[in-house]
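Here are a few short exercises to work through with the model open beside you. Try each task before you read its solution.

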Amino acid sequence: VQLQASGGGLVQPGGSLRLSCAASGRTSSTYGMGWFRQAPGKEREFVAAITALTWRNTRTYYADSVKGRFTISRDNTKNTVYLQMNSLKPDDTAVYYCAADRANFGAGYVAASTYDYWGQGTLFTVSS
């Protein structure tokens, strides 16, 4: 599976942005997908995750720092995962990475080590 993240750029505080992560591979729809971010001088941290579609539902998880502002979603017909980000703050500035877990979060979703595949990252900056 190859992951291609896109959608970065420059956004003003309070603004919105949507990141996309396109996945290749026929089985990617069965993978749990997550977004992480890494700000300059900081460690990579969990942002959001979404399970594969099971029993007609997906489950989503968020870091406390983005809960209520960010929304993760997936479109399996396009093999794409999205991260809609609203009410952006300067602290959201980072390189954002998408990642895929073959086990659909059988071992959790917060730890980066859970994920098997990673995209190259996309940078966006929140600044006035």
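**Exercise 1: Strand S4 and its neighbours**

In strand S9, Tyr-97 is the bridge partner of Phe-36. Keep in mind that this is a predicted model.

Task: Find out how strand S4 pairs with S9 and how many bridges join them.

Solution. Start with the residue ranges: S4 covers residues 32–38 and S9 covers residues 94–101. Next, look at the direction of pairing, which is antiparallel, with seven bridges between S4 and S9.

Task: Now work out which residue of S5 is the bridge partner of Gly-34, and what the turn between S4 and S5 looks like.

Solution. Step one: S5 spans residues 45–50 and pairs with S4 in the antiparallel sense, over five bridges. Step two: within S5, the partner of Gly-34 is Ala-49. Step three: S4 and S5 make a hairpin that has six residues between the strands. In that turn, Gly-41 shows a positive phi of about 80°.

**Exercise 2: Covered or open?**

Task: Decide whether S4 is mostly covered or mostly open, and whether Arg-56 is buried or exposed.

Solution. For S4, go through the strand residue by residue: six of its seven residues are buried, which leaves the strand mostly covered. For Arg-56, first locate the residue in the loop between S5 and strand S6 (60–62). Then apply the cut-off: a residue is exposed over 50% relative accessible area. Arg-56 counts as exposed because its relative accessibility is 79%. As a last step, take the distance from the C-alpha atom of Arg-56 to that of Ser-87: the two are separated by 30 Å, with the residues 31 apart along the chain.

**Exercise 3: Rings and a charge**

Task: Classify the ring pair of Phe-36 and Phe-46.

Solution. Begin with the total, which is 10 aromatic pairs. Among them, Phe-36 and Phe-46 have ring centres 5.8 Å apart and planes at 75°. Planes over 60 degrees apart count as edge-to-face, so this pair is edge-to-face. The pair links distant parts of the chain, as Phe-36 belongs to S4 and Phe-46 to S5, 10 residues apart. Both residues are buried. Finally, widen the view: Phe-36 and Phe-46 join Tyr-61, Phe-105, Tyr-109, Tyr-115 and Trp-118 in one aromatic cluster.

Task: Which ring faces does Arg-44 lie over?

Solution. Check Tyr-97 to begin with: Arg-44 lies over its face, 3.8 Å from the ring centre. Then check Trp-118, where Arg-44 is over the face at 4.8 Å from the ring centre.

Notes:
Residues are numbered from 1 along each chain as its sequence is written. This is a predicted model: local features need pLDDT of at least 70, side-chain atom pairs count only at pLDDT 80 or more; totals for chains, interfaces and linings use all residues. Side-chain values use heavy atoms; hydrogens and water are left out. Buried means under 20% relative accessible area, exposed over 50%, partly exposed in between (1.4 Å probe, protein chains only). Helices (H or I, at least four residues) and strands (E, at least two) are DSSP runs, numbered from the N terminus. Two strands pair if DSSP finds at least two bridges between them. Rings of Phe, Tyr and Trp (its six-membered ring) pair if their centres lie within 6.5 Å; planes under 30 degrees apart count as stacked, over 60 as edge-to-face and the rest as tilted. A charge sits over a ring if NZ of Lys or CZ of Arg is within 6 Å of the ring centre and within 35 degrees of the ring normal.
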